[in-house]
Amino acid sequence: MSDRPISLLIVDKDPIFRLGLATSLSSNSQWEISSQTDNLKDALNQLSSNTFDLIILDPNLINETLTIETFYQQAQTSQPEIKLCLLSYDLSLQQQEEFKKIGIEGYLNKGTFIENLLENWQRIIQGELIWPTITAGQLSEVKTETTQENWLSKVRKSGLEQINNNLQGLNENIKNRPTSKLDKIFWKGRKRELLTARWLVKQLLPMEVILLSPPASSRENFASTVTLAAEEKGLKIFDETMYTLSNNLDNLTNYSLEIDILKFEKRKEILEIVLKQLYRIISDIKFIERDGVKLSKTRHSLSILARLWRESALIFLSKYCNDQEKFFLEDIETIIEENEDIVSQEILRKIPRFPELFDFLLSGSEGSIQEMSQGKEEEKKILHNLLIQVANAIISLILNYFSNNEKIKERLYNLETVSSREIAKFRNRLAWEYRKQQYWGEPKDIFESQYRLFFFNEKGIDSSVIYSPRQKELNSLRGIKWSVTILLEIRDATSPLLRSLVGTVGKALVYVLTQVIGRGIGLVGKGILQGIGNSFSERDYQKKPAKQKSKY
């Protein structure tokens, strides 16, 4: 190995992290990323045709019919000398124990400095086992709980291995062998049966677990994590935003939001999930840029937002929509994957000023945002708006796929919106809001060079607008949106003339009413009064008695 670079195979779902790691190692001639992929099946194919010294694997892979244990066993069969190192965020003690029993050589945190990563990878290749050391303090907090007999755990392990092997062979048969439509229907049904059986085994036959006592509060735990990193410029905003989420979260605007349907505690929870996942992504990018590697935020902003939405959605939906009779974890993962493109186009790409916010969070420099902003508080509003829009995009999945599930309604929805009629009315309001924003609000904001932001304050969720040049978007408007800008321009052009005309007509009308008609009415009234006075005088004169003449 001394006469050639150390060959690495990277298996990670995040393309941004893979790109940054590859760029970081490009200047080091001792290390070479020979291949990279985002799934275990493709990684096995790479092993069959290439030789690697070390596999770097993120264990938090989704949509995998192949388990990490099976992958490791087949990798050892293909290349007995190969080593495997897990690279992810903090794994629980239970997960660490599971992977140790499999035989995996090491685990490192994604936040580790690149120099330490390379040093530990070198030690793993040389035959050492690299796992985090559990301190005595941590051991005192560990509560060991054996849920079933040891033999039951062995039965669970053996059953899962058989199911996963069958799934792998079934997928290969479906893909490689030409079959009729009837055969495809049969094999797809068989696949659904195996997936269902695997889910039941995991639920009914849990393995031995090691549980940690939970922290006093999730907010305190996250706040302390952020506070440790808050010494770096730009990251204090996370702690401040987390504190803001403890305030009232009622919608004070005239706009309908998807999160309005949630209970207060669920609304707070989903916003906290999005905030935590954003912090993790920031940590990833900071890890990538430690060696001077700079990513283009403008080019990668949509993929970063898609990752933020995808990870947050999986966490929230897995917690509240996973234990239903009709929806398993695999179904939730499929729903997220199928809707990623439309959510990115309709919601995520319209989130304003994300590249500038990302620069601020990474570098702490306020210049990128303050060049086009009115005050220092606007970066907070941009972050708040990001959290609200991503949370709205997550709840849109629940409204589209789980809106009438009674268990989910009891867990998540406000009491005022649990009936089918109220949910239908709520969805109709959202649909109208989106149409109105698409065909009127958005072109109007583009024409007026502004963005509308939703933000948190002490009373709830409010909205405001900020100035931002949007000439490029204005030039690209077509159809109805372009017509809206023309109508606004016609209104702006004609309104001064109309106001002047109305003012002139109004003054003329006042003159006619007061000077002509008013005086005429006054003269007529005066004549009437004089006529009435004369008639009274004549009547009094006629009533006077005539004097009698004297006889003498």
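Two strands are said to pair if DSSP finds at least two bridges between them, and the legends below use the word in that sense for a predicted model.

**Figure 1. An open sheet of five strands with parallel pairing.** The order of the strands across this sheet is 2-1-3-4-5. The edges are formed by strand 2, residues 31–37, and strand 5, residues 106–109, each of which pairs on one side only. Neighbouring strands of the sheet are turned against each other by 25° on average, with direction ignored. As a general point for reading such a view, the side chains in a regular strand alternate between the two faces of the sheet.

**Figure 2. Strand 1 beside strand 2, and helix 3 across strands 3 and 4.** Strand 1, which covers residues 6–11, pairs with strand 2 in the parallel sense over six bridges. Within this pairing, Leu8 has Ile33 of strand 2 as its bridge partner. Elsewhere in the view, helix 3, made of residues 68–78, lies across both strand 3 (54–57) and strand 4 (83–88), and this helix runs at about 170° to strand 3.

**Figure 3. The aromatic pair of Tyr107 and Trp131.** The structure holds six aromatic pairs, and in the one shown here the ring centres of Tyr107 and Trp131 are 6.3 Å apart while the ring planes stand at 40°, so the pair is described as tilted. Tyr107 belongs to strand 5, whereas Trp131 lies in the loop between helix 5 (114–125) and helix 6 (136–141), and the pair therefore ties together parts that are 24 residues apart in sequence. Both Tyr107 and Trp131 are buried. In general, a pair of aromatic rings is described by two values, the distance of the centres and the angle of the planes.

**Figure 4. Two salt bridges, each within a helix.** The structure holds 15 salt bridges, and one of them joins the side chains of Glu406 and Lys409, at 3.0 Å from N to O. Glu406 and Lys409 both lie in helix 17, residues 406–412, where they are three residues apart, about one turn of the helix. Glu406 counts as partly exposed because its relative accessibility is 47%, whereas Lys409, at 3% relative accessibility, counts as buried. The second salt bridge in this view joins the side chains of Lys436 and Glu433, at 3.8 Å from N to O. Lys436 and Glu433 are three residues apart in helix 18, residues 420–447, and so they are separated by about one helical turn. Lys436 is partly exposed, with a relative accessibility of 34%, while Glu433 has a relative accessibility of 10% and therefore counts as buried.

**Figure 5. The salt bridge of Glu473 and Arg470, and a network of salt bridges.** The side chains of Glu473 and Arg470 meet in a salt bridge with an N to O distance of 3.0 Å. Glu473 has a relative accessible area of 29% and is therefore partly exposed, whereas Arg470, with a relative accessible area of 7%, is buried. In addition, Lys350, Glu442 and Lys481 are joined into one network by salt bridges that share partners.

**Figure 6. The hairpin of strand 8 and strand 9.** Strand 8, residues 450–456, and strand 9, residues 461–467, pair in the antiparallel sense over seven bridges. Phe454 stands opposite Ser463, which is in strand 9. Four residues come between the strands of this hairpin, where Gly460 takes a positive phi near 155°. The view also takes in Lys381, which lies over the face of Phe455 at 4.6 Å from the ring centre.

**Figure 7. The surroundings of Tyr439 in helix 18.** With a relative accessible area of 38%, Tyr439 is partly exposed. Once its neighbours within four places in sequence are left aside, Tyr439 is in contact with Ile480 and Val484. Although Tyr439 and Lys481 are 42 residues apart along the chain, their C-alpha atoms are separated by 5.7 Å.

**Figure 8. The whole protein, with 20 helices and nine strands.** Of the 552 residues in the protein, 43% are buried. Among the contacts with a separation of 6 or more, 74% are made by residues 24 or more positions apart.

Conventions
Residues numbered from 1 in each chain as written. Predicted model: local features only at pLDDT ≥ 70, side-chain atom pairs only at ≥ 80, totals over all residues. Heavy atoms only, no water. Axes fitted to C-alpha atoms, helices over the stretch in contact; angles between N-to-C directions. Contact = heavy atoms within 4.5 Å. Salt bridge = Lys/Arg side-chain N within 4 Å of Asp/Glu carboxyl O. Buried < 20%, exposed > 50% of the residue type's maximum accessible area, 1.4 Å probe, protein only. Phe/Tyr/Trp six-rings, centres within 6.5 Å; stacked < 30°, edge-to-face > 60°. Lys NZ or Arg CZ within 6 Å of the ring centre and 35° of its normal.
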